[in-house]
Structure formats: structure tokens, C-alpha cells
4 protein chains.
Amino acid sequence: MSTLKNHVQLIGNVGQEPTITNLESGKKVARFSLATNEYYKNDKGEKTQTTDWHTVVAWGKTAEITEKYVGKGKEVGVTGKLKSRSYEDNDGIKRYVTEIEANEILLLGTKNGK
Amino acid sequence: MSTLKNHVQLIGNVGQEPTITNLESGKKVARFSLATNEYYKNDKGEKTQTTDWHTVVAWGKTAEITEKYVGKGKEVGVTGKLKSRSYEDNDGIKRYVTEIEANEILLLGTKNGK
Amino acid sequence: MSTLKNHVQLIGNVGQEPTITNLESGKKVARFSLATNEYYKNDKGEKTQTTDWHTVVAWGKTAEITEKYVGKGKEVGVTGKLKSRSYEDNDGIKRYVTEIEANEILLLGTKNGK
Amino acid sequence: MSTLKNHVQLIGNVGQEPTITNLESGKKVARFSLATNEYYKNDKGEKTQTTDWHTVVAWGKTAEITEKYVGKGKEVGVTGKLKSRSYEDNDGIKRYVTEIEANEILLLGTKNGK
DNA sequence: TTTT
DNA sequence: TTTT
């Protein structure tokens, strides 16, 4: 888990309530979407915004923190690594997804942003 | 282009010769796949390796540097941001891709790693 | 200004009001101290905190943003690079200082954290 | 050890052989200086270089890796955190130093850069 | 010198 | 004190 070789950091707002899955092993997995917003002025000097949506996955203890503290609209910081995987959807079509596997999730702008 | 809000860094090896596209505007776009390798020992103490593949896109001047210096097998460092977009493939299926839009590409382990 | 070769990121609280210097050239320089706090449990299971203090320097436009928005106690994110320099103090003793030269300063936990 | 709150990354060349200290506890500490070089053209279009020197400290297992593999002139990548501390020098003058406490040290441009 |  |  080298942070030199594969490192992602995002600061943004949570799109929806995280989904929590309890694995048979007793481990938890949390998954949520995160919007990163950039504000800039376009050619005409008008204020514009771009939003990028990211899928964040958290395992184990980080999933538990997610379940407790991360909610829709909250501002969070995430560090982790980029992982890609493929699966077959219900129509038998091979799909590729890229997710951010979180090492750390930090609540920002809150009293308990510890 | 906030590096606090959306920042990716990768160090790895280039999978294939980059593809270069010359846009009508005269601008260049370079695209290549990058493998990040992690080495670790598994439960049984055996040396194991995980490889993650990433798609890197470079525009303008960074594309030109890519065209000149980046080649199959080379060790490179990349920083940039995560961008997701969708398109329809030839069968009319909506596809989602996540790419790293490079700000900077650094050649490592070379005499011209400037 | 390679973010691969020399990159620092901090999220913390501002210790004091920034000092602003107006250079003869008309350019501004802002300087402030930033505390990064880590919370953990010690050997005895007691909650403990470590604080590291950093000196952040901002030039030009980033200095102007600092002057307007950064104040004592505020939570801010900073990215930039590590710079070291030496000077002689009033007693003629050579001093070395390490500062973070900010590329970007982001206000966190605020409505205008854009 | 939050990489969101306090994170440094450097890629550069080692200035001298690392110094290794064996603590009474049996733990090792390694310390070395690292040069990060930036190349750019100045106002007159001449190629110029700036070098920043950093002090890297590694503890425990990372110190052992440093002892084995890190040597003068080698190209290495380092991630870690910024730590400042003070001490009294031999003349009783209080000195402040800022060091990078390494989490990870990666040998670049070598066959064993794993 | 901040914050929790 | 490194490197290109």
C-alpha cells in the first residue's frame, strides 16, 4: 500500500447515504459517492463549476467510521488508492469500474473532525 | 485544478506505446496505460504482486512530452486529477471510464529524468 | 514547481492572524503558523494529542486570499512545497528555517470554502 | 499519522551516506539529506536549477531499509510527515529544525526499486 | 500560537 | 552534500 506508487486524495461532499454491507466474515464494507467541485471563471468571465463524481470504498474499521459519521451532504476528506476491477452486469455485459479504496476518511468542518 | 480537492499520484511502468491524437485545434492528446505494482508477502509468506492498471491522459504540452519521452516499459511518475466520463460504445452500450488527467509526467531512473 | 518532487499538504488550524508584507514591487507576502493536530490513544489507552507547528508563506494572489479570508483559529488546507533558507538573526547567529511555500490555500468547514 | 493532515512527498538525490544510530532499545534511526532539484528557464531563457535540501529521518524498519539500500547520490522517493523540534546546540543557543519523518522510502531507477 |  |  505504497502512497508513493498509488495515492489519491479527495476533498468533497458526500452524494448519498453510504451503503453498508456486512460480509460473512463479520467485516464491513462501506461504499459512497463523493463529489469534488471546482469553481472557476469561463472565457466570458462567468462563474462556472465542474463536478466530478467518485466512488469511495472503505473496509473494516474505516467502514465503521463511515457508517457512524459519514452522511449525505457532509464535507469529507479521503485518502487512499485507485483500484480498477471488472464484473458482468445482469445483461452479461462486462463492466469496468474504478474506485478509491480509502485508507483514511476525515470529517471536515465539524466539531468532531478528529 | 485544486490539488487539495482532487489529486492523484502514480509511479509505475508504461504498458504500451502511448497513442497520440492530433486535434483539429492543433492541440495534442496523449493516452497511455500505466501499471502500478505492489509487492508483498501473502499469508503463507510467499512473495506476491498486485498490479493495478490506470489510464493516463495528457493534453497540450504534457502530451508533447509524452510523445517524445514516454515509451513502453518506462518507469514514470504522474500527478494529476481523477476524471470520469461516459460514452456510448459501438453496440450502443453506455460505458463509464475513469482516467487520470495528467498535470505532470516525470521520467524516473533515466539520465534525462529532469 | 513539480508536485512529484517536492509536495507538502497540511490540514490544520491557524495559530495567529497572518502577517502581511507589501513588497516594493507591489507584490504581497503573507505568513502564518498552522497547527496540525493528531489524536491517538497512548499505551495506557488515554486520549492524547500531538501538535506540529508549521510556517506557511504565500505570495501574490494566494497572499491576497490569505489576507482576506485566513484568520486565527480557522481550519485551512494548504498545499505547496518545502523551502529551506538561512539568515542571520539580530545577534549575528546563522539561523535556518523551513517553510511551506503555498500553492493553494483552501478554507474548510465554511460556506465560502470554494 | 494522518496523510490528509500532514503529508510530505519528495523525489530527489541523496546528498551523503545516511547516518545510522542504534538506540538503546535496539531500534535503529537513519538520517540523511535529500536534494530536490527543479529545472526551469529564467527570464533570459537560460536553463537554471534550484536545489532544496531536506533532512529525512527514518525509524525502525524503514531505517533498516535505509541502511541497506540508500546511498550517496541515489535517486529516492520519500513520503512522510513534517516534524519540527528544538534543541540547544553546544553554545547553548536554541535551534529549531524541521525534518521529514519517513513512512516510506522507495528506490527509483534501479532494478530493485520494489 | 490553533483546534477537539 | 546530490543529480542533470
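Buried area here is the accessible area (1.4 Å probe) that two parts lose on being put together, summed over both. Everything below comes from a predicted model, in which local features need pLDDT of at least 70, side-chain atom pairs count only at pLDDT 80 or more, and totals for chains, interfaces and linings use all residues. Residues are numbered from 1 along each chain as its sequence is written, chains are lettered from A in the order in which they are written, and side-chain values use heavy atoms, with hydrogens and water left out.

**View 1. Chain B meets chain C, burying about 1000 Å² between them.** Of that area, 61% lies on carbon and sulfur atoms. The rule finds 0 salt bridges across this interface (side-chain nitrogen of Lys or Arg within 4 Å of a carboxyl oxygen of Asp or Glu). It does find 6 residue pairs in polar contact, both at pLDDT 80 or more; such a contact is a pair of N or O atoms within 3.5 Å, where, within protein, one must be able to donate a hydrogen and the other to accept it, and residues adjacent in sequence count only if both atoms are side-chain atoms.

**View 2. The side of chain B that touches chain C draws on strands 1 (6-14), 5 (75-88) and 6 (94-107), each giving two or more residues.** Strands (E, at least two residues) and helices (H or I, at least four) are DSSP runs, numbered from the N terminus. Strand 5 of chain B gives the most, with 3 residues.

**View 3. Helix 1 (residues 60-69) of chain D has the buried residues Gly60(D), Thr62(D), Ala63(D) and Thr66(D).** Buried means under 20% relative accessible area and exposed over 50%, with partly exposed in between (1.4 Å probe, protein chains only). On the other side of this helix, Lys61(D) and Lys68(D) are exposed.
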